[in-house]
Amino acid sequence: GSTMTGYANEGEDWSYLKHGFTATAYHLTTDQYGTQLDPPAHWNEYGATISDLPPTFALRPLVVINIAEKVAEDPGYAAGVDDVLAWEAAHNRIPEGSVVFFRSDWSKKWAEYEEMEAMPSTFPGVKLDTLKFLHRERQILFHGHEPLDTDMTANLEGEAWLMHNNFAQAEGVTNLDKVPEFGCLLSIGYAKPLGGSGGYARYVAICPPGSTVEGTSIIESP
């Protein structure tokens with residue numbers, strides 16, 4: 001910046017008292033922690049970056065597949081094709097172009113992870129065959145999960161396959177226990193730093209009236 005005579009000097013912090021407004025500067029050490037959207041460029045040097053993703057990502061049908069009970073019995077449980085088919089048996093075929101989130105309730109313990117200053121070495125995931133089925137047979141837009149990795153394989157095979165086949169994914173998703181398994185739309189918001197290999201994201205479920213007691217409405221929060 002530069003000096004604005006009588007108003008602000010070069011290097012001066014903006015303030016409400018003197019200038020009438022303030023501005024925030026951000027320094028992000030990584031875009032791979034917390035609720036995020038991974039574009040293909042996260043693993044694929046020729047893949048789309050976060051700034052390449054089209055505006056058609058903004059609003060999609062939402063599917064929530066609940067594997068929380070299985071994860072409670074086996075913390076390292078990985079969602080299989082059978083879990084997808086069980087969802088379809090209850091709610092019909094997964095819509096083409098939808099976003100499929102896997103609810104594990106892993107995110108409910110974020111406060112504990114922060115206290116430990118470490119992530120659990122065992123966490124729920126999604127099998128590679130399941131990812132292939134969802135993309136090849138159901139043509140979804142992308143899937144999402146609560147932990148910060150797709151699976152516990154030594155080479156992170158699921159994430160590698162997704163990115164090298166030009167698919168995105170969501171990680172660090174939360175509050176899936178508050179969202180119906182079907183019938184909602186998903187609003188997908190994220191910043192678009194030029195050439196970014198990842199990005200913090202905000203996922204908001206837009207649900208029919210009466211489908212959940214959680215959240216808020218336009219009437220309540222205009």
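This report describes the overall build of a predicted model and then several of its residues, contacts and surface features.

## Overall architecture

The chain has 222 residues, of which 42% count as buried. Its secondary structure consists of 6 helices and 9 strands. Taken along the principal axes, the C-alpha atoms fill a box of roughly 70 × 45 × 40 Å.

Among contacts in the chain with a separation of 6 or more, 73% are between residues 24 or more positions apart. The exposed area of the chain is about 12700 Å², and carbon and sulfur atoms supply 53% of that area.

## Helix α6 and its cover

Helix α6 spans residues 157–164 and is mostly covered, with 6 of its 8 residues buried. The buried residues in α6 are G158, E159, A160, W161, L162 and M163. Their cover includes two strands described further below or above in sequence, β1 and β7, together with helix α5 (128–137) and strand β6 (142–144). After α6 comes N166, which has a positive phi, near 65°.

## E171 in strand β7

Strand β7 covers residues 169–171 and contains E171. The relative accessible area of E171 is 1%, so this residue counts as buried. Beyond its neighbours within four places in sequence, E171 is in contact with Q32, G34, T35, Q36, D38, H145, P147, L148, D149, T150 and E159. One of these contacts, E159, is itself among the buried residues of α6, and β7 is among the elements that cover the buried residues of that helix.

The side chain of E171 takes part in two polar contacts described here. One joins E171 to the side chain of H145 at 3.1 Å; another joins E171 to the side chain of Q169, also at 3.1 Å. Q169 belongs to the residue range of β7. The C-alpha atom of E171 is separated by 9.5 Å from that of F101, although these residues are 70 residues apart along the chain.

## R60, a buried arginine without a salt bridge

R60 is placed in strand β2, which comprises residues 59–66. Although R60 is buried, it has no salt bridge. The nearest side chain of opposite charge belongs to E96, at a distance of 8.1 Å, whereas a salt bridge requires the nitrogen and the carboxyl oxygen to be within 4 Å.

The side chain of R60 instead reaches a backbone atom, the oxygen of T56, at 2.9 Å. When neighbours within four places in sequence are left aside, the residues in contact with R60 are G97, V99, L141, C184, L185, L186 and I188.

## Salt bridges

The structure holds 6 salt bridges. One of them pairs D83 with K70, with the closest N and O atoms 2.5 Å apart. D83 lies in helix α3 (residues 81–91) and K70 in helix α2 (residues 68–73), so this pair ties together parts that are 13 residues apart in sequence. The two partners differ in exposure: D83 is buried, with a relative accessible area of 6%, while K70 is partly exposed at 40% relative accessibility.

Two further salt bridges involve D105. R103 pairs with D105, the closest N and O atoms being 2.9 Å apart, and both R103 and D105 are buried. K108 also meets D105 in a salt bridge, at 3.6 Å from N to O. K108 counts as exposed, at 52% relative accessibility. Through salt bridges that share partners, R103, D105, K108 and D177 are joined into one network.

## A nonpolar surface patch

Y26, L28, Y33, M119 and Y200 make a nonpolar surface patch of about 560 Å². One of its members, Y33, lies in the loop between α1 (16–19) and β1 (36–38). With a relative accessible area of 42%, Y33 is partly exposed. This value is over the 30% relative accessible area that a patch residue must have.

How values were computed
Residues numbered from 1 in each chain as written. Predicted model: local features only at pLDDT ≥ 70, side-chain atom pairs only at ≥ 80, totals over all residues. Heavy atoms only, no water. Patch = residues over 30% accessible without salt bridge, like charges linked within 9 Å, V, L, I, M, F, W, Y side chains within 5 Å. Areas by Shrake-Rupley, 256 points an atom, 1.4 Å probe, with all protein chains shown as cover. Helix = DSSP H or I, 4+ residues; strand = E, 2+ residues; numbered from the N terminus. Buried < 20%, exposed > 50% of the residue type's maximum accessible area, 1.4 Å probe, protein only. Lys, Arg positive; Asp, Glu negative; His and termini not counted. Polar contact = N/O pair within 3.5 Å; in protein donor to acceptor, adjacent residues only side chain to side chain. Contact = heavy atoms within 4.5 Å.
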